[in-house]
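Biologist: Please choose one part of this model and take me through it closely, residue by residue, and then say how the neighbouring parts of the chain relate to it. I would like the reasoning spelled out where there is any.

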Amino acid sequence: MQILQIIASAQGANSYSTRLSQGIIDKLRAAHPGSTVVVRNLATHPLPYLEEAHLQAYFTPAEGRSPAQQQAVRHSDEIIAELLAADVLVIGSPFYNFTIAASLKSWLDHLTRANLTFRYTEAGPEGLVTGKKVYVAIASGGVYSQGPAQASDFAAPYLRQILGFLGMTDVTIARAEGVKLPEFQPTALQKGLASVAV
Ligand SMILES: Cc1cc2nc3c(=O)[nH]c(=O)nc-3n(C[C@H](O)[C@H](O)[C@H](O)COP(=O)(O)O)c2cc1C
């Protein structure tokens, strides 16, 4: 089984979302010995924000692209191939300012390409990235899975939406939440990991 791990936290080894992702991967590897893991660290190797050059290249058929346009699609083609090669996707998502990290958004922006990862049909849009299991490990300072802040969670609903749009509908969300709250912090990671059965 091939696992793709996406790291988006800028907090290195101290990151809760990365540690929770790692815990999920450890469980997956124990259940599926011989699994391989490909790591894409968006914090240390960020993708650019979408610029005009990317968009023009994306909307130009491959055979008609100039050398500069071929260069402009390269990183997008690479992350799409990396995702398509994986059986399982594990995304670590730090909760920044009520939503996902900009680095993760940029990865999604370069992943979402018509006729490669989704297409429009007469019946509406169709995701082309199918057959994958996805785990999302969200780490947040507050508690968003329930209670008064639930309505301010623009991370989990958004990730479900965009992953589903691309065809990834089998999504399990695990949370290390309340890491900035003394009553939640000591058990946050352990609770998040215990919530995931592989
Ligand atoms: C730039 C920034 C913005 C943050 N915004 C929020 C927020 O809106 N809500 C919240 O509960 N915690 C917020 N936090 C706390 C983080 O969610 C918390 O530190 C979490 O552990 C980040 O994930 P990580 O440990 O994987 O880096 C923020 C932290 C940073 C650094």
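Modeller: A helix here is a DSSP run of H or I that is at least four residues long, and helices are numbered from the N terminus. With that in hand, and remembering that this is a predicted model, I would begin at His-54, which lies in helix α2, a run that covers residues 52–58.

His-54 has a relative accessible area of 7%, and because anything under 20% is called buried, this residue falls into that class. Its side chain reaches the backbone nitrogen of Glu-51 at a distance of 2.9 Å. If the neighbours within four places in sequence are set aside, His-54 is in contact with Pro-48, Tyr-49, Ala-72, His-75 and His-110.

Two histidines in that list lead onward, and the one to follow is His-75, which is found in helix α3. At 18% relative accessibility His-75 still counts as buried, since the cut-off is 20%. Not counting residues up to four places away in sequence, His-75 touches Leu-47, Pro-48, His-54, Tyr-58 and His-110. Pro-48 is thus among the contacts of His-54 and also among those of His-75. Between the side chains of His-75 and His-110 there is, in addition, a polar contact of 3.2 Å.

His-75 and His-110 also take part in a contact between two helices, so the next step is to look at how those helices are placed. Helix α3 spans residues 67–85 and helix α4 spans residues 102–111, and their axes come within 9 Å of each other and cross at roughly 90°. Because angles of 65 to 115 degrees are classed as roughly perpendicular, α3 is described as roughly perpendicular to α4. On the α3 side the contact is made by His-75, Ser-76, Ile-79, Ile-80 and Leu-83, and on the α4 side by Trp-107, His-110 and Leu-111. In character, the residues of this contact divide into five nonpolar, three polar and no charged.

Leu-83, one of the α3 residues in that contact, carries the picture to Lys-132, which lies in the loop between β5 (124–127) and β6 (133–140). Lys-132 touches Leu-83, Leu-84, Ala-86, Asp-87, Met-168 and Asp-170, again leaving out residues up to four places away in sequence. A polar atom of the Lys-132 side chain lies 3.1 Å from the backbone oxygen of Leu-84. With 11% relative accessibility, Lys-132 counts as buried. The C-alpha atom of Lys-132 is separated by 8.9 Å from that of Val-171, although the two residues are 39 apart along the chain.

Two loops that adjoin α4 deserve a word about their backbone. Most residues other than glycine have a negative phi. Phe-98, found in the loop between β3 (88–94) and α4, instead has a positive phi, near 75°. With a relative accessible area of 45%, Phe-98 is partly exposed. Asn-115 is found in the loop between α4 and β4 (118–121), and its phi is likewise positive, near 70°. Asn-115 is exposed, with a relative accessible area of 60%.

The remaining region to set beside this one comes from the record. An unreviewed UniProt entry carries a "binding site" annotation that covers Ser-9, Ser-15, Tyr-16 and Ser-17. Of these, Ser-15 lies in the loop between β1 (2–7) and α1 (16–31), whereas Ser-17 has its place in helix α1. Ser-15 is buried, with a relative accessible area of 1%, and Ser-17 is also buried, with a relative accessible area of 1%. Their side chains are joined by a polar contact of 3.2 Å. Beyond residues up to four places away in sequence, Ser-17 touches Ser-9, Gly-92, Ser-93, Pro-94, Ala-137 and Ala-139.

As for the wider frame, the unreviewed UniProt entry annotates residues 1–194 as "domain: Flavodoxin-like fold". In the model that span is 37% helix and 22% strand, and its end C-alpha atoms lie 22 Å apart.

Definitions and conventions
Residues numbered from 1 in each chain as written. Predicted model: local features only at pLDDT ≥ 70, side-chain atom pairs only at ≥ 80, totals over all residues. Heavy atoms only, no water. Axes fitted to C-alpha atoms, helices over the stretch in contact; angles between N-to-C directions. Parallel < 35°, antiparallel > 145°, perpendicular 65-115°, else oblique. Contact = heavy atoms within 4.5 Å. Nonpolar A, V, L, I, M, F, W, Y, C, P; charged D, E, K, R; others polar. UniProt positions renumbered as here; feature names shortened; annotations may be inferred. Buried < 20%, exposed > 50% of the residue type's maximum accessible area, 1.4 Å probe, protein only. Polar contact = N/O pair within 3.5 Å; in protein donor to acceptor, adjacent residues only side chain to side chain.
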